[in-house]
Amino acid sequence: MATPFTADGALDVPAAQALAERLVEEGNDGLVVAGTTGESPTLAEHEHDALLAAVVEAVGSRAHVIAGCGNNDTDHTLRRARAAEKTGVHGLLVVTPYYNKPPQEGLYRHFTAVADATGLPVMVYDIPGRTGTAVSTEVLLRLAEHPRLVAVKDAKDDLFASSQVMAAAGGEGGLAYYSGSDQLNLAHLAQGAAGMVSVVAHVAAAQYAAMVAAVDAGDLPAARALHTRLLPAVTAIMTRTQGAIMVKAALELTGAIPNRHVRLPLVEATDEQVEQLSSDLRGADLL
């Protein structure tokens, strides 16, 4: 979930609650709050806590609220996980430690330390394009043995590796896979993913929920038609500049948030980018 800010850059808690309610009403059954699309690197710790508590208050009885709490310092991640648990969230999303490029054993110990720190279920966020380090298949299979390491947000974009883990550690008591790359949502679902943790679903939740339902029902032609219809939106939001920038512009266009302000080092979408975005969203039947 994107994090709304006021015109002067402050955290806009009422707008965040309104956005959360709208996202749930449109078909999202879970929200990741204070993740990287929510510009978590720019949020102070008190803002993290206030944002999580506000979203739990708004929609926690109707949807799972997952707290983004990972960074590249294990001790800091543990503090954020424990603080998140106190806000009432239902689970944690923990990204691979970035920049310091830990070895695979370090990744294993990092994720298990977080899982041991609270009573909450944990989703591992594997996104080597941002972090510089992929979580290996071997480590994912080891992590699956922990009772609170229950899911993977997969933005590795390696469909074969994902299918190997799903085959070995999927199902009851294993790892539930969620597509973390909107361009591969259908591909992940077709090989057994449970759903998606999506940026584009800010404006296409009903369509993605229908795609999941179609795959579950074995109706791949219907799922493929939805995928094709949404391609312009995926292109617009995920490929032209940074995703958080463009999804805020999309939310402003659809009236879901009052402005498209982001915090540095991100910059707002330009008028030209918004014009192209508007055309693409109309092409996807989303405006």
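The largest nonpolar core of this predicted model holds 87 residues, and the members that touch the most others are Leu31, Val55, Leu92, Tyr208 and Ile237. Helix H9, residues 201-216, contributes eight residues to this core, the largest share. Apart from it lies another core, of ten residues, which includes Val32, Ile66, Ala151 and Val197. In soluble globular proteins, nonpolar side chains tend to be buried together.

**Overall form and surface**

- The protein contains twelve helices and seven strands.
- For 287 residues, a compact globule would have a radius of gyration near 19 Å, and the value of 18 Å for the protein agrees with this.
- The C-alpha trace spans about 45 × 45 × 35 Å along its principal axes.
- Of the 287 residues, 54% are buried.
- Among contacts between residues at least 6 apart in sequence, 70% join residues at least 24 apart.
- The exposed area of the protein is about 12100 Å², of which carbon and sulfur atoms supply 52%.
- The protein carries 20 positive and 33 negative charges, and the mean positions of the two sets are 3 Å apart.

**Ile237 and helix H11**

- Which residues does Ile237 contact, leaving aside its neighbours within four places in sequence? They are Val199, Val200, Val203, Gln242, Gly243, Met246, Val247, Ala250 and Leu277.
- Ile237 is also one of the residues that touch the most other members of the largest nonpolar core.
- Helix H11 covers residues 243-253, and nine of its eleven residues are buried, so the helix is largely enclosed by the rest of the structure.
- The buried residues of H11 are Gly243, Ala244, Ile245, Met246, Val247, Lys248, Ala249, Ala250 and Leu251; a charged residue type, Lys248, is thus listed with them.
- Against which elements do the buried residues of H11 pack? Their partners are helix H1 (13-25), H9, helix H10 (220-238) and helix H12 (271-283).
- H9, one of these partners, is also the helix that supplies the largest share of the largest nonpolar core.

**Backbone geometry in loops and at the end of the chain**

- The peptide bond from Leu264 to Pro265 is cis, with omega near 20°.
- Pro265 belongs to the loop between H11 and H12.
- Asp157 is a residue other than glycine with a positive phi, near 60°.
- Asp157 is placed in the loop between strand S5 (149-154) and helix H7 (159-169).
- Is Asp157 buried or partly exposed? Its relative accessibility is 41%, and it therefore counts as partly exposed.
- Asp285 likewise has a positive phi, about 60°, although it is not a glycine.
- The segment after H12 holds Asp285, and this residue is exposed, with a relative accessible area of 55%.

**Selected positions with accessible side chains**

- Ser163 is placed in helix H7. With a relative accessible area of 21%, Ser163 is partly exposed, since the buried class lies under 20%.
- Ser163 and Ala193 are 30 residues apart in sequence, and their C-alpha atoms are 8.9 Å apart in space.
- Glu145 is found in the loop between helix H6 (137-143) and S5, where it is exposed at a relative accessible area of 69%.
- The C-alpha atoms of Glu145 and Asp116 are separated by 13 Å, and the two residues are 29 residues apart along the chain.
- Arg130 is located in helix H5, residues 128-131, and its 56% relative accessibility makes it count as exposed.
- Arg130 and Ala83 are 47 residues apart in sequence and 25 Å apart in space, C-alpha to C-alpha.
- Which residues are in contact with Arg130, leaving aside its neighbours within four places in sequence? Tyr98 and Gln242 are in contact with Arg130.
- Gln242 is also in contact with Ile237.

Technical notes:
Residues are numbered from 1 along each chain as its sequence is written. This is a predicted model: local features need pLDDT of at least 70, side-chain atom pairs count only at pLDDT 80 or more; totals for chains, interfaces and linings use all residues. Side-chain values use heavy atoms; hydrogens and water are left out. A nonpolar core is a set of buried Ala, Val, Leu, Ile, Met, Phe, Trp, Tyr and Cys residues joined through side-chain atoms within 4.5 Å. Buried means under 20% relative accessible area, exposed over 50%, partly exposed in between (1.4 Å probe, protein chains only). Helices (H or I, at least four residues) and strands (E, at least two) are DSSP runs, numbered from the N terminus. Contact means heavy atoms within 4.5 Å. The radius of gyration is taken over C-alpha atoms; the globule rule is 2.2 Å times the number of residues to the power 0.38. Accessible areas come from the Shrake-Rupley method with a 1.4 Å probe; for residues, only the protein chains shown count as cover. The place of a charge is taken as NZ of Lys, CZ of Arg, CG of Asp or CD of Glu.
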